[in-house]
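Biologist: I have a new model on my screen and some words in its description that I would like to understand. Could you take me through how such labels are earned?

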Amino acid sequence: MSFDALNLSPALHKAIIACGYQQPTPVQAQAVPAVLAGHDVLASAQTGTGKTAAFMLPALHLLSNFKNGPKGAPRVLVVTPTRELAAQITDAARTYGKFLRVRSTVILGGCSYVPQFRDLSRPIDLVIGTPGRLIDHLQRGSLDLSCLEMLILDEADRMLDMGFKQDMEAIIAAAPSQRQSLMFTATLDASSEALARKILKNPVQIKINARTLTHDSIGQKLHIADNLNHKVRILQHLANQESVSRAIIFSATKRGADRLAQELVSEGHRAEALHGDMNQAARNKAVRNLRQGRTRLLVATDVAARGLDVHGISHVINFDLPQVSEDYVHRIGRTGRAGASGTAISLVSEGPDVARLIQIQRYLGKELPREEIPGLEPTRVLRLQVKPKPAKRPHGSVDKSRPWKNKPKHSRQGGEVEVVQRKRRSARKP
Ligand code: AMP
């Protein structure tokens, strides 16, 4: 399908050509016609699929046709979980809308109220914001949603995870019931489905499965480490590689991110941390520094890096594996963007990494290749495979050497057996 077939306004078409996009991504090819036809949309698609343009292009198309309302109150509202994501959506709106006369503003927590009051008191077409500050403006009366024609919830599942359910409901309640609603979510679980049922009317459903994202251009590999110190040495080795021109390193915790960034800085690298405990100015600066090449290594937590769209990331390094398998796909999608190639390296040691790796490999439906770095080889073998089953005993007999084996068990695969058994054995210790 070509962009011509989407029948977007000539001004949008010109902007798309200026972006160098050749054809719509699958989520765009499905969502844009549905939105332009006036349908509500429920799309499960994650960052990296082109989802921002999937809602922003039709929203801008409709805005370009809208007449100014009596009060100039916003007609399109995009609600998104993180400030970084809101800033990126705002950039996208400016890029795609540069040949249109659409007035937009971004309303973020952690930023000064003064320009926000000023922008919201003027006629405005499009507001992009995070839930907390939007609610704040609703309560102060500075945000008027009575003219809203389109409500877009971006990364709705993440907003639910972050505890924004009530805020989202309050925003929805403040919008007219005769509106078009679009909900984008990375995963469609019970709670996001319940939210969808509440806000969407006969939605067109679009499912772009993370698992089906091929990430063909991303080389993935594992380095096995004996322990935390070994992981740090592997990371230092990787940081010294010239091929690692710009990398995001994922840490499970905020403190871990700070510690790793400090260690890398003390080794002479241009490194910085990015996590939710940093104030907004520091977070913006860290992302800007990475974008502009002043920082080479950004050590981030998942929430802070969610949706981060920085071009030219050569490597994603999972210092800690994510707890949720789908986040692995989101993380590695930070590299290999827009046709460029990239490398995703995961460091795995004993402990929680093992169970996470088993789950990730099962989710991906493939084993990630292991690679050893000369001089940094692991000294122990990390086993993820199931041991061959012992020969069948006659029905009803009891294996006294392995009492835990006599309990009824569920069918398990790939290494979970070993992990579970180890836990049971240690549980027997006094
Ligand atoms: P998103 O999933 O919205 O975060 O988009 C991921 C990246 O894909 C962004 O850098 C977009 O600029 C880019 N992108 C979006 N649509 C297209 C397209 N049709 N062709 C090529 N790149 C695209």
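Modeller: Gladly, and let me begin with the word "contact": two residues are in contact when heavy atoms of theirs lie within 4.5 Å. By that rule, and leaving aside neighbours within four places in sequence, serine 44 is in contact with Thr185, Ala186, Ile206, Lys207 and Ile208. Please keep in mind that this is a predicted model.

Biologist: Why is serine 44 called buried?

Modeller: Buried means under 20% relative accessible area. Serine 44 has 5% relative accessibility, so serine 44 counts as buried. The residue sits in strand β1, residues 41-44.

Biologist: Which residues does isoleucine 206 touch, beyond its neighbours within four places in sequence?

Modeller: Isoleucine 206 is in contact with Val27, Gln30, Ala31, Val41, Leu42, Ala43 and Ser44. Isoleucine 206 belongs to strand β7, residues 204-207. For Gln30 there is also a spacing: isoleucine 206 and glutamine 30 are 176 residues apart in sequence, and their C-alpha atoms are 7.0 Å apart.

Biologist: And what makes isoleucine 206 buried?

Modeller: Its relative accessible area is 3%. The limit for buried is under 20%, so isoleucine 206 earns the label.

Biologist: Why is cysteine 19 called partly exposed?

Modeller: Partly exposed covers the range between buried, under 20%, and exposed, over 50%. Cysteine 19 has 28% relative accessibility, so cysteine 19 counts as partly exposed. You will find cysteine 19 in helix α1, residues 10-19. Not counting residues up to four places away in sequence, cysteine 19 touches Thr95 and Tyr96. The C-alpha atoms of cysteine 19 and tyrosine 96 are 8.3 Å apart, with their positions 77 residues apart in sequence.

Biologist: What about asparagine 7: why is it described as exposed?

Modeller: Exposed means over 50%. Asparagine 7 reaches 60% relative accessibility, so asparagine 7 counts as exposed. Asparagine 7 lies in the segment before α1, and its phi is near 55°, a positive value in a residue other than glycine.

Biologist: Is glutamate 155 buried or exposed?

Modeller: Glutamate 155 is buried: its relative accessible area is 2%, and the cut-off is under 20%. Glutamate 155 also has a positive phi, about 50°, although it is not a glycine. Its place is the loop between β5 (150-153) and α7 (156-161).

Biologist: How do you know that valine 244 is buried?

Modeller: Valine 244 shows 2% relative accessibility; set against the limit of under 20%, that value makes valine 244 buried. Valine 244 is in the loop between α10 (228-239) and β9 (247-250). Leaving aside neighbours within four places in sequence, valine 244 is in contact with Leu238, Arg296, Leu297, Ser314 and His315. The C-alpha atoms of valine 244 and histidine 315 are separated by 6.1 Å, although the two are 71 residues apart along the chain.

Biologist: And why is asparagine 289 called buried?

Modeller: The relative accessible area of asparagine 289 is 7%. Since buried means under 20%, asparagine 289 is therefore buried. Asparagine 289 lies in helix α12, residues 280-291, and touches Glu272, Arg294 and Thr295, not counting residues up to four places away in sequence.

Biologist: Now the ligand. What makes a pair such as the one with glutamine 23 a polar contact?

Modeller: The cut-off is a pair of N or O atoms within 3.5 Å. A backbone N or O atom of glutamine 23 lies 2.9 Å from a nitrogen atom of the ligand, so that pair passes. A polar backbone atom of lysine 51 is 3.3 Å from an oxygen atom of the ligand. As for burial, the ligand taken alone exposes 490 Å², and the protein buries 83% of that.

Biologist: How many residues surround the ligand, and which are the closest?

Modeller: There are 15, and the closest are Tyr21, Gln28, Gly48, Gly50 and Thr52. By class, the shell has three nonpolar, nine polar and three charged residues. Domain 1 (3-208) and domain 2 (214-378) each supply at least three residues to the shell.

Biologist: Finally, what does the protein chain contain in helices and strands?

Modeller: The protein chain has 16 helices and 13 strands. Of its 430 residues, 51% are buried.

Technical notes: Residues numbered from 1 in each chain as written. Predicted model: local features only at pLDDT ≥ 70, side-chain atom pairs only at ≥ 80, totals over all residues. Heavy atoms only, no water. Near = heavy atom within 4 Å. Polar contact = N/O pair within 3.5 Å; in protein donor to acceptor, adjacent residues only side chain to side chain. Areas by Shrake-Rupley, 256 points an atom, 1.4 Å probe, with all protein chains shown as cover. Nonpolar A, V, L, I, M, F, W, Y, C, P; charged D, E, K, R; others polar. Domains from an automatic or database assignment. Helix = DSSP H or I, 4+ residues; strand = E, 2+ residues; numbered from the N terminus. Buried < 20%, exposed > 50% of the residue type's maximum accessible area, 1.4 Å probe, protein only.
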